[in-house]
Amino acid sequence: MDCKLWLAFSVWLLLPTSEAGRQMPKLSEKKLCADSECSNAILIARAVQDYYPGDCRFIPIRQGQLIYVYAMLRDRGNLFWAGSVQDSYYGQQEARIGHFPSSVVEETHPLMPASTEVETTNWDFYCN
């Protein structure tokens, strides 16, 4: 009996306790993109303040960083954009894609119009 209990406890300790590898609630059902696959950047923005994410759907942003914006969430999530953070030195930081509040950035370079409405998928909010 003690062996089974010890084995069960050991397996429980090894289970991941982070949000990585799990589906998170959707922030929105739709998003605006430059194309149907959201593969082209809409604009480049610069962070006007630091942002520390509340969960794994979001990316941390430091003041002054450049963000390539690929999607703008619609409806109930319209305060959030999706993009990738670029540090001041290209390659200094691994590129991460995620969501962030649009209020922490200022648009600096418009690239393409966000004229294509796309439905979000579960993968848009999956934590890996």
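Here is a walk through the structure above, from the overall layout down to its disulfide and its aromatic rings. Keep in mind that this is a predicted model.

Let's begin with the fold elements. The protein chain has one helix and nine strands. Follow the sequence from its start and the helix turns up ahead of the strands, giving the pattern α-β-β-β-β-β-β-β-β-β. How much of the contact count in the protein chain, at a separation of 6 or more, comes from residues 24 or more positions apart? That share is 67%.

Next, the surface. The protein chain is made of 128 residues, and 36% of them count as buried. Its accessible surface adds up to about 8,400 Å². Carbon and sulfur atoms hold 55% of that area.

Now for the cysteines. A disulfide, as a reminder, is a covalent bond between the sulfur atoms of two cysteines. The structure has one of these, and it links C33 with C38 at an S to S distance of 1.9 Å. Which hand does the link of C33 and C38 have? The angle about the S-S bond is 70°, and the link is right-handed. As for their surroundings, C33 and C38 are both buried.

On to the aromatics. Two numbers do the work here: a pair of aromatic rings is described by the distance of the centres and the angle of the planes. Searching the whole structure turns up four aromatic pairs. One of them brings together Y51 and F58: the ring centres are 6.4 Å apart and the planes sit at 75°, so this pair is edge-to-face. The cut-off behind that label is an angle over 60 degrees. Are Y51 and F58 buried or exposed? Both Y51 and F58 are buried.

W81 and F100 give another pair to look at. Their ring centres are 6.4 Å apart and their planes meet at 80°, so the pair of W81 and F100 is edge-to-face. Where do these two residues lie in the fold? W81 belongs to strand β5, which covers residues 80-86, while F100 belongs to strand β6, covering residues 97-101, so the pair ties together parts 19 residues apart in sequence. W81 is buried, and F100 is buried too.

There is one last aromatic feature to find in the viewer. Go back to Y51 and F58 and add F80: these three residues form one aromatic cluster.

Key
Residues numbered from 1 in each chain as written. Predicted model: local features only at pLDDT ≥ 70, side-chain atom pairs only at ≥ 80, totals over all residues. Heavy atoms only, no water. Helix = DSSP H or I, 4+ residues; strand = E, 2+ residues; numbered from the N terminus. Buried < 20%, exposed > 50% of the residue type's maximum accessible area, 1.4 Å probe, protein only. Contact = heavy atoms within 4.5 Å. Areas by Shrake-Rupley, 256 points an atom, 1.4 Å probe, with all protein chains shown as cover. Disulfide = S-S within 2.5 Å. Phe/Tyr/Trp six-rings, centres within 6.5 Å; stacked < 30°, edge-to-face > 60°.
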